[in-house]
Amino acid sequence: MADQPAAPAEGLAPELAPVEEHGGVLVKREDAWSRGGVSGAKSRAMFSVVEAEQGVGIVTAGSRNSAQIERAALVTHALGMPC
């Protein structure tokens with residue numbers, strides 16, 4: 001299996017998604033990354049941006065059935081912020 005980055009410090013989002021090896025092929029698993037009950041690249045990006053910018057909340061918009069709306073709410077909840 002490929003070298004994996006060290007685990008992030010408590011409370012920090014990792015910079016890389018998990019990588020698995022399947023039949024000699026390395027597969028980046030955005031869906032396997034999880035924190036605060038949310039998973040995926042959009043969630044990882046939201047955690048990273050809010051923490052890096054020391055944000056106080058997230059403002060987002062989307063259609064009624066957009067997964068981004070739910071993810072933003074879960075990310076802010078996990079960080080104890082308003083949404």
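Start with confidence: the protein averages a pLDDT (the predictor's confidence in each residue, from 0 to 100) of 80. At least 70 is the score of 82% of the residues. This is a predicted model, where local features need pLDDT of at least 70, side-chain atom pairs count only at pLDDT 80 or more, and totals for chains, interfaces and linings use all residues. Residues are numbered from 1 along each chain as its sequence is written, and side-chain values use heavy atoms, without hydrogens and water.

Next, select residues 19-22, strand S1, and residues 25-28, strand S2 (strands are DSSP runs of E, at least two residues, numbered from the N terminus). The two run antiparallel, joined by 4 bridges (strands pair if DSSP finds at least two). Click valine 19: its bridge partner in S2 is lysine 28. Now find glycine 23 in the hairpin, which has 2 residues between the strands. Glycine 23 takes a positive phi near 60 degrees.

Move on to helix H1, residues 41-52, and helix H2, residues 67-79 (helices are DSSP runs of H or I, at least four residues). They pack at an angle of about 45 degrees, with axes (lines fitted to C-alpha atoms over the stretch in contact; angles run from 0 to 180 degrees between N-to-C directions) 10 Å apart.

Finally, show the side chains where the helices are in contact (heavy atoms within 4.5 Å). Phe47 and Val50 are among the H1 residues there, and Ala72 and Val75 are among those of H2.
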